[in-house]
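Please look over the sequence and the structure shown here before reading on. The report that follows takes up a few features in turn.

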Amino acid sequence: MDERTKRALWLIAGGVVVVALVHSHHITSSEIILFCVIVPSIILHEVSHGVVARAFGDDTAARAGRLTLNPLVHIDPVGTLIVPALLALGGFGMIGWAKPVPVNPARLRSPRNQGVLVSLAGPAVNAALAGIFAVIFVKFVRAGVLSTGNFSVGAQIIFYASLVNVGLFAFNMVPLPPLDGSVLFERLLPARYWPTYLRYRQYTMPILVGLVMLNFIFHPGPLTWLFERLYNWWYSVLGV
């Protein structure tokens, strides 16, 4: 079975799961819209890493066929389908990820400096998308929503696109590997501390997973508490 067929089967399986969730009332129409906004936002985030890397001399992502907006190429069976479905079934909302776009820093013309720009490209795209959709919502959508109280499908798409991307920006800028924000800390870290840092770097992923899991144990958890304040601020920016 070739890779394209596998991706297609996973996509079909994901569609079946979504239909089953809707039928069993474990997922709402708003959550479906939210999912449809999250997926392209994550894909644009990942593709941007590869595009900037290619501009700086690393064509690893291009040769791997990953500089495409085709969602089938970026699907991670666990992170894109299984985890969001299980969380929705459990009533925990949705969180997920796509396959990281491959980047080889050694192929960059200036690995230490350009590597920072490659890593920050993803959050920068999310920040730009958040701003663009915020302007569209404020200028063209908000008045109708406030006057009628009707959040149409189009209004929800624009609203969630702005909200999701500001959340992706903030989450990915957390300075813990493997999140993109860690590159700023690593770039500023003096060389003499690198051996010690590398010994402890392997434990940062469990810390990150632990923070996420705490949100399922405690309501609200630490990340939920922080993101509620972020979103409340963004609601005020959007004027809703």
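## Aromatic pairs

How many aromatic pairs does the count come to? In this predicted model, the count comes to nine aromatic pairs. One of them joins Phe159 and Tyr235, whose ring centres lie 6.0 Å apart with the planes at 10°, so that this pair is stacked. It connects distant parts of the chain, since Phe159 belongs to helix α7 (residues 153-172) and Tyr235 to helix α11, with the two positions 76 residues apart in numbering. Phe159 has a relative accessibility of 9% and therefore counts as buried, whereas Tyr235, at 29%, counts as partly exposed.

Trp233 and Trp234 also form an aromatic pair, in this case a tilted one, with 5.3 Å from centre to centre and 55° between the planes. Trp233 is partly exposed, its relative accessible area being 47%, while Trp234, with a relative accessibility of 9%, counts as buried. Beyond single pairs, one aromatic cluster is formed by Phe137, Phe151, Phe159, Tyr160 and Tyr235, and the stacked rings of Phe159 and Tyr235 are therefore both found among the members of that cluster.

## Helix α11

Helix α11 covers residues 222-238, and its 17 residues reach 24 Å from the first C-alpha to the last, which is close to the 24 Å expected at 1.5 Å a residue. Which residues of α11 are buried? They are Leu223, Phe227, Leu230, Trp234 and Leu238. Because these residues cover an arc of only 85° around the axis, they lie on the same side of α11. An α-helix has 3.6 residues a turn, so residues three or four places apart point the same way.

Just after α11, Gly239 adopts a positive phi of about 75°.

## Helices α2 and α6

How do the other two helices considered here stand to each other, and what is the hand of their crossing? The axes of helix α2 (residues 29-55) and helix α6 (residues 111-148) come within 8 Å and cross at roughly 140°. With the axes at that angle, which does not exceed the 145 degrees above which a pair would count as roughly antiparallel, α2 and α6 are therefore oblique to each other. The crossing in which α2 passes α6 is right-handed.

Key:
Residues are numbered from 1 along each chain as its sequence is written. This is a predicted model: local features need pLDDT of at least 70, side-chain atom pairs count only at pLDDT 80 or more; totals for chains, interfaces and linings use all residues. Side-chain values use heavy atoms; hydrogens and water are left out. Helices (H or I, at least four residues) and strands (E, at least two) are DSSP runs, numbered from the N terminus. The expected span of a helix is 1.5 Å times one less than its number of residues. Buried means under 20% relative accessible area, exposed over 50%, partly exposed in between (1.4 Å probe, protein chains only). The arc is that of the directions from the helix axis to the C-beta atoms. Rings of Phe, Tyr and Trp (its six-membered ring) pair if their centres lie within 6.5 Å; planes under 30 degrees apart count as stacked, over 60 as edge-to-face and the rest as tilted. Axes are lines fitted to C-alpha atoms, for helices over the stretch in contact, and angles run from 0 to 180 degrees between N-to-C directions. Angles under 35 degrees count as roughly parallel, over 145 as roughly antiparallel, 65 to 115 as roughly perpendicular and the rest as oblique. A crossing is left-handed if the near helix is turned anticlockwise from the far one by less than a right angle, and right-handed if clockwise.
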